[in-house]
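Let's take a walk through this structure together, starting with its pockets and then moving out to the chain as a whole. Have the sequence and the 3D view open side by side as you read.

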Amino acid sequence: KLCQAAGWKTPAEHADLAPDHQGLMVWEGLVESRRMAEKADPQLVKWLDEAVAEAAQLRQSIQAGDEAASARHFKQVEAACARCHEQYRN
């Protein structure tokens, strides 16, 4: 969220946050969650597949410097996380 607020650049007050790396970490986290859910509820697996794909799009848009697409994909990843957490975690 801090990188998004900084226009998909490293926030001045957080030199440790590189948007490209943060996007990679989100994608990797979702890939690992998907791997761990291999034998879980098919709905969860489907939603995780969708979230992984959306996170890949987020990474690509950040790398391309496309702020509008990055914002759109970030919003979709957030929604995917909220959906799964509401159903399976919270």
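The residues that line the second largest pocket are L30, S33, L44, L48, A51, A80, C81, C84, H85, Y88 and R89. Keep in mind as you look at them that this is a predicted model. If you colour the helices, you will see that α2, α3 and α4 each supply at least two residues of this lining. Which helix gives the most? That is α4, with six residues in the lining of the second largest pocket. Sorted by class, the lining holds eight nonpolar residues, two polar ones and one charged one. The space inside the second largest pocket comes to about 200 Å³.

Now turn to the largest pocket, which holds about 280 Å³ of space. Here α1 (2-5), α2 (19-36), α3 (42-64) and α4 (67-89) are the elements that give two or more residues to the lining. There are 16 lining residues, and those nearest the centre of the pocket are K1, Q22, G23, V26 and F74. In the largest pocket it is α2 that provides the largest share of the lining, with five residues. By class, 11 of the lining residues are nonpolar, three are polar and two are charged.

Of the residues nearest the centre of the largest pocket, F74 is a good one to zoom in on. You will find F74 in helix α4. Is F74 buried or exposed? Its relative accessible area is 15%, so F74 counts as buried, the cut-off being under 20%. What does F74 touch, once its neighbours within four places in sequence are left aside? Its contacts are K1, Q4, W8 and L58. One of these partners, L58, sits 16 residues away from F74 along the chain, yet the two C-alpha atoms are separated by 6.2 Å. Another of the partners, K1, is also among the residues nearest the centre of the largest pocket.

W8, which is in contact with F74, deserves a look of its own. W8 lies in the loop between α1 and α2. At 12% relative accessibility W8 falls under the 20% limit, and therefore it counts as buried. Its backbone has a feature to check in your viewer: phi of W8 is near 60°, a positive value in a residue other than glycine.

Go back to α4 and pick out H73, which is also placed in that helix. H73 has a relative accessible area of 11%, so it too counts as buried by the under-20% rule. Leaving aside neighbours within four places in sequence, H73 is in contact with E54, Q57, L58 and S61. L58 therefore appears in the contact lists of both H73 and F74, with H73 buried at 11%.

What about residues on the outside? Helix α4 offers two examples, A68 and E86. A68 has a relative accessible area of 54%, and because exposed means over 50%, A68 counts as exposed. E86 passes that cut-off too, with 64% relative accessibility, so E86 is exposed as well. To place them in the fold, try two C-alpha distances. A68 and C3 are 65 residues apart in sequence and 13 Å apart in space, while E86 and E38 are 48 residues apart in sequence and 19 Å apart in space.

Finally, zoom out to the whole chain. It has four helices and zero strands, and read along the sequence the pattern is α-α-α-α. Along its principal axes the C-alpha trace spans about 40 × 20 × 20 Å. What radius of gyration does the chain have? The value is 14 Å, which agrees with the figure near 12 Å for a compact globule, because that is what 90 residues would give. Of these 90 residues, 31% count as buried. Among contacts between residues at least 6 apart in sequence, 47% join residues at least 24 apart. The surface that the chain exposes amounts to about 5,900 Å², with carbon and sulfur atoms supplying 53% of it.

Technical notes
Residues are numbered from 1 along each chain as its sequence is written. This is a predicted model: local features need pLDDT of at least 70, side-chain atom pairs count only at pLDDT 80 or more; totals for chains, interfaces and linings use all residues. Side-chain values use heavy atoms; hydrogens and water are left out. On a 1 Å grid over the protein atoms alone, a cavity is a set of points where a 1.4 Å probe fits but cannot get out, and a pocket is an open set with protein on both sides within 12 Å along at least five of seven lines; lining residues have an atom within 4 Å of a point. Grid points are joined across faces, edges and corners, and a volume is the space filled by probe spheres set on the points. Ala, Val, Leu, Ile, Met, Phe, Trp, Tyr, Cys and Pro count as nonpolar, Asp, Glu, Lys and Arg as charged, and the others, Gly among them, as polar. Buried means under 20% relative accessible area, exposed over 50%, partly exposed in between (1.4 Å probe, protein chains only). Contact means heavy atoms within 4.5 Å. The radius of gyration is taken over C-alpha atoms; the globule rule is 2.2 Å times the number of residues to the power 0.38. Accessible areas come from the Shrake-Rupley method with a 1.4 Å probe; for residues, only the protein chains shown count as cover.
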